[in-house]
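Colleague: I would like to learn how to read a model of this kind step by step, beginning with the overall layout and ending with the surface. Could we take one feature at a time?

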Amino acid sequence: MKKILSVVLACALLVGCLFTLASCGKTLKGTYSAELDVALASVKVSYTFKGSNVTLTVTGSTILTGSSTQEYDGKYEITEAEDGTMSITFEFE
């Protein structure tokens, strides 16, 4: 279970980095996803943006536990620091 959690977190960080590169404006539109296969487990993380809302979908599967999907709804905000770097803040319930 710890291995799956670490894979999910790695995918989330990867997708987060992609958002930083893709965010030229203050809003995002569409679906961004990343997939990671490690030994006996695979994880797919997708962020779907619509307005200021975001839906995070995490699908993981292992040989031992099968497949499961979890979905989280929330909001996001893109902010720009004084040095020009941009960051995305997520708020999920």
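Modeller: What follows is a walk through a predicted model, taken from the fold to single residues and then to surface patches.

Colleague: Let us begin with the layout: how many helices and strands are there in the chain, and in what order do the elements run from the N terminus on?

Modeller: The general idea is to count the elements and then to read their order. Here the chain has one helix and five strands, and the order from the N terminus on is α-β-β-β-β-β, so the helix is followed by the strands, if one reads the pattern with the element definition in mind.

Colleague: And which summary values would you look at before turning to single residues, for instance what share of the 93 residues counts as buried?

Modeller: Burial, surface and contact separation can be taken together. Of the 93 residues, 28% count as buried, while the chain exposes about 6500 Å², of which carbon and sulfur atoms supply 58%. Among the contacts in the chain with a separation of 6 or more, residues 24 or more positions apart account for 28%.

Colleague: How should I read a single position in a strand, taking Val43 as the case: is Val43 buried or exposed?

Modeller: One first places the residue in its element and then compares its relative accessible area with the cut-off, which for a buried residue is under 20%. Val43 belongs to strand β2, which spans residues 41–50, and Val43 is buried because its relative accessible area is 2%. In space, the C-alpha atom of Val43 is separated by 4.3 Å from that of Gly60, although these two residues are 17 apart along the chain.

Colleague: Which other residues of strand β2 can be read in this way?

Modeller: Val45 is found in strand β2, and with a relative accessible area of 1% it is buried. The C-alpha atoms of Val45 and Glu71 are separated by 9.9 Å, with their positions 26 residues apart along the chain. Ser46 is also placed in strand β2, and Ser46 counts as buried because its relative accessibility is 12%.

Colleague: With which residues is Ser46 in contact, once its neighbours within four places in sequence are left aside?

Modeller: A contact list of this kind shows what a residue meets beyond its own stretch of chain. For Ser46 the list holds Thr31, Tyr32 and Ser33, together with Thr55, Leu56 and Thr57.

Colleague: Now a contrasting case: where does Ser67 lie, and is Ser67 buried or exposed?

Modeller: Ser67 lies in strand β4, and it counts as exposed because its relative accessibility is 57%, where the cut-off for exposed is over 50%. Leaving aside neighbours within four places in sequence, Ser67 is in contact with Thr59, Gly60 and Ser61. Ser67 and Val43 are 24 residues apart in sequence, and their C-alpha atoms are 9.5 Å apart in space.

Colleague: Turning to the surface, which residues form a nonpolar patch?

Modeller: For a patch, one asks which residues take part and then how each is placed. Leu40, Ile63 and Leu64 form a nonpolar patch on the surface, and together they have about 400 Å² of accessible area. Leu64 is found in the loop between β3, residues 53–62, and β4, and Leu64 is exposed because its relative accessible area is 81%. Its C-alpha atom is separated by 8.4 Å from that of Leu40, which is 24 residues away along the chain.

Colleague: And which residues form the negative surface patch?

Modeller: That patch is formed by Glu71, Asp73, Glu91 and Glu93. Glu71 has its place in strand β4, residues 66–80, and Glu71 counts as exposed because its relative accessibility is 55%.

Methods:
Residues are numbered from 1 along each chain as its sequence is written. This is a predicted model: local features need pLDDT of at least 70, side-chain atom pairs count only at pLDDT 80 or more; totals for chains, interfaces and linings use all residues. Side-chain values use heavy atoms; hydrogens and water are left out. Patches are made of residues with over 30% relative accessible area and no salt bridge: like charges are joined within 9 Å, nonpolar side chains (Val, Leu, Ile, Met, Phe, Trp, Tyr) within 5 Å. Accessible areas come from the Shrake-Rupley method with a 1.4 Å probe; for residues, only the protein chains shown count as cover. A salt bridge is a side-chain nitrogen of Lys or Arg within 4 Å of a carboxyl oxygen of Asp or Glu. Lys and Arg count as positive and Asp and Glu as negative; His and the chain ends are not counted. The place of a charge is taken as NZ of Lys, CZ of Arg, CG of Asp or CD of Glu. Helices (H or I, at least four residues) and strands (E, at least two) are DSSP runs, numbered from the N terminus. Buried means under 20% relative accessible area, exposed over 50%, partly exposed in between (1.4 Å probe, protein chains only). Contact means heavy atoms within 4.5 Å.
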